[in-house]
Amino acid sequence: MSKKENWIAPSILSADFAQLGKDVKDVIASGADVVHFDVMDNHYVPNLTIGPLVCESLKNFMDKEGVKAPIDVHLMVKPVDRIIPDFASAGADYITFHPEASEHVDRSLQLIQAEGCKAGLVFNPATSLNYLEHVMDKIDMILIMSVNPGFGGQAFIPQALEKLKAVRQMIDASGRDIRLEIDGGVKVENIAEVAAAGCDTFVSGSGIFGKANAADANRYDTVIQQMREELAKA
Ligand code: DX5
Ligand code: ZN
């Protein structure tokens with residue numbers, strides 16, 4: 001399977017949580033493709049964010065307002081299985097988790113797919129890709145972390161580019177329909193080299209929400225347009 005259409009996935013970790021629905025509506029109206037929903041538990045990662053209740057409220061708001069975009073739930077929690085059905089019921093389209101956070105990676109992947117969602121594994125900067133070896137048939141997305149998980153606004157770790165290239169080869173060799181996502185420190189300035197390494201799904205938090213260009217609903221259109229122009233060069 002060759003590279004898929006590029007998706008820009010704003011991380012709502014950098015949105016204003018007091019007006020989350022509006023921020024999501026505006027960033028999608030500005031041309032973004034996916035809502036990246038970061039779930040942290042102050043156990044697997046040293047930070048605490050949002051859970052299924054917020055996902056459900058956001059999903060209901062999006063439906064009511066006609067905002068059409070998949071919700072990409074990035075679980076940074078341990079364990080993962082207990083919470084998977086809750087996110088599926090709350091409207092998640094993709095659910096990804098870190099293999100170190102599950103005792104039974106294959107079971108967790110199966111559980112996500114049985115709940116009707118797309119499933120994915122997330123690889124920290126120091127995590128080996130070996131986890132992929134026996135589960136490629138149960139994977140819809142592979143997420144490469146280009147920062148250590150837990151916080152927005154960190155610097156991109158360049159070794160992630162080599163990892164992306166390796167995963168791109170694995171996906172192509174498998175012939176499977178799998179998205180390759182990057183998360184952490186992605187901005188207009190580096191998105192082209194990330195794309196050149198084989199990525200097709202680009203999470204960006206501070207790189208998008210920190211760049212509003214106006215007060216209106218399309219206030220993120222400049223930064224998203226700039227990202228698209230960079231992607232066109234790659
Ligand atoms: C970090 C999260 C990221 C984070 C990215 O653990 O998984 O999604 O929000 O933020 P930026 O793009 O600011 O690095
Ligand atoms: Zn994330």
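**Zinc and sheet in a predicted model**

Colleague: What makes the arrangement around the zinc ion (ligand 2) octahedral?

Modeller: Its 6 donor atoms subtend angles of 70 to 170°. Six donors count as octahedral if opposite donors are over 155 degrees apart and all others between 65 and 115, so this site earns the word octahedral. Please remember that this is a predicted model, where local features need pLDDT of at least 70 and side-chain atom pairs count only at pLDDT 80 or more, while totals for chains, interfaces and linings use all residues. Side-chain values use heavy atoms, without hydrogens and water; residues are numbered from 1 along each chain as its sequence is written, and chains are lettered from A and ligands numbered from 1 in the order written.

Colleague: Which residues are the protein donors of the zinc ion (ligand 2)?

Modeller: They are His36 (NE2), Asp38 (OD), His74 (ND1) and Asp183 (OD), 2.0 to 2.3 Å from the ion. Donors are N, O and S atoms within 2.8 Å of the metal (3.2 Å for Na, K and Ca); water is not among the atoms, so sites may look incomplete.

Colleague: What does the pair His36 and Asp183 tie together?

Modeller: His36 lies in strand S2 and Asp183 in strand S7, so the pair ties together parts that are 147 residues apart in sequence.

Colleague: Are His36 and Asp183 buried or exposed?

Modeller: Both are buried, meaning under 20% relative accessible area (exposed is over 50%, partly exposed in between; 1.4 Å probe, protein chains only).

Colleague: How many bridges join strand S6 to strand S7?

Modeller: There are 5, and the strands run parallel. Two strands pair if DSSP finds at least two bridges between them, so S6 and S7 pair. Strands are DSSP runs (E, at least two residues), numbered from the N terminus. In S7, Glu181 is the bridge partner of Leu143.

How values were computed. Helix = DSSP H or I, 4+ residues; strand = E, 2+ residues; numbered from the N terminus. Tetrahedral: all angles 85-135°; square planar, octahedral: opposite > 155°, others 65-115°.
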